[in-house]
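This briefing goes through the fold, the surface and the nonpolar cores of one chain. Please read it alongside the sequence and the structure.

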Amino acid sequence: MNDHPVIKLLGDTLLTQSGSIRTNLVIEEGKYLGLYYSAQWCPSCIAFTPELIQFYKQFNNSNRKEKFEIIYISSDYGEKQFKEQFSAMPWLALPFADRNRQMELARHFRVQSIPALIIIDSQSGDLITSCGRACVVDDPVGVCFPWPMRDPTEVLKETTFISPKGDKVSYESISSHIKGLYFSAHWCPPCKAFTPQLIKLYKKVQKLGKKFEIIFISSDRSEESFVKYFSTMPWLTVPYSEEKTRKDLPHLYGVGGIPCLIILDENNTVITKEGRMEVNEDPEGEEFPWRPKLVDELGSKHIS
């Protein structure tokens, strides 16, 4: 049984409020596990945990055929804080002492910030979604649970973009281009500092005759701010009214913070998620679109 993929991920034993439980007891057909990365020191976690508790209790008291268990994976500074945090939770926890496993799980599921809720299948250990937090907020009764992730390219293909002149532009019309997905917002000082640099790079690449288009995905807090910010940009945008698309894309591409520039190739494969760094280090776009290099070609800046 120790060869089971979920036991390999979580270990043999999990904690309950009254002691411990063998991990194999949470493995069954039709059951999903939520790996909840959180900590007492994190204000966003403190705000989200009550919502998650409400969802958890409501879901498990319903007549749904699916089953759901949550496992708290702590980023607390010490065991005292862990115990205080866990004492208010109605679910299981990874033992606090198992710090190596906590870090391994974070790397495995590419957790970049907390709170995060990762949903996996309890039998296979396969990832269902890394966007559980947003799903709970957007779907508090779990209509679409377990929220399987969509292909982000399909989301893009279904979206009609807007040009600076207000024209509608289909994804199909730019499908053969190198594409930059620019996650940004008017309220974000680093974004406002980076946007002029990106505009210069964009115009230089365009002058070279290269097929390159940028799509702005806004995190602005009001349409007024969005309109004001987009008016400074020479590229396309996801309409502000397409709120679900604007929320889905950062989650599907694993965006941990803004500004973020993700470069896609002609086949919609990610070339780099470090477009911001590439623009800063190559403002003339000499190495655009910054495809990965062989190890022996990397400069010292990439070698630890």
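**Overview of the chain**

Of the 304 residues in the chain, 48% are buried (under 20% relative accessible area, 1.4 Å probe, protein chains only). This is a predicted model, in which local features need pLDDT of at least 70, side-chain atom pairs count only at pLDDT 80 or more, and totals for chains, interfaces and linings use all residues. Residues are numbered from 1 along each chain as its sequence is written, and side-chain values use heavy atoms, with hydrogens and water left out.

**Fold**
- The chain has 10 helices (H or I, at least four residues) and 14 strands (E, at least two), taken as DSSP runs numbered from the N terminus.
- Its C-alpha atoms fill a box of roughly 65 × 45 × 35 Å along the principal axes.
- Of the contacts (heavy atoms within 4.5 Å) between residues at least 6 apart in sequence, 62% join residues at least 24 apart.

**Surface**
- About 15900 Å² is exposed by the chain (Shrake-Rupley method, 1.4 Å probe), with 50% supplied by carbon and sulfur atoms.

**Nonpolar cores**
- The largest nonpolar core (buried Ala, Val, Leu, Ile, Met, Phe, Trp, Tyr and Cys residues joined through side-chain atoms within 4.5 Å) has 27 residues.
- Tyr-36, Leu-52, Phe-68, Tyr-72 and Trp-91 touch the most other members of this core.
- Helix H2 (43–60) is among the elements that give two or more residues to the core, and H2 gives the most, with 7 residues.
- Not counting residues up to four places away in sequence, Tyr-72 touches residues including Tyr-36, Phe-82, Phe-86 and Trp-91.
- Another core, of 25 residues, lies apart from this one and includes Leu-198, Phe-212, Phe-216 and Val-279.

Definitions and conventions
Buried < 20%, exposed > 50% of the residue type's maximum accessible area, 1.4 Å probe, protein only.
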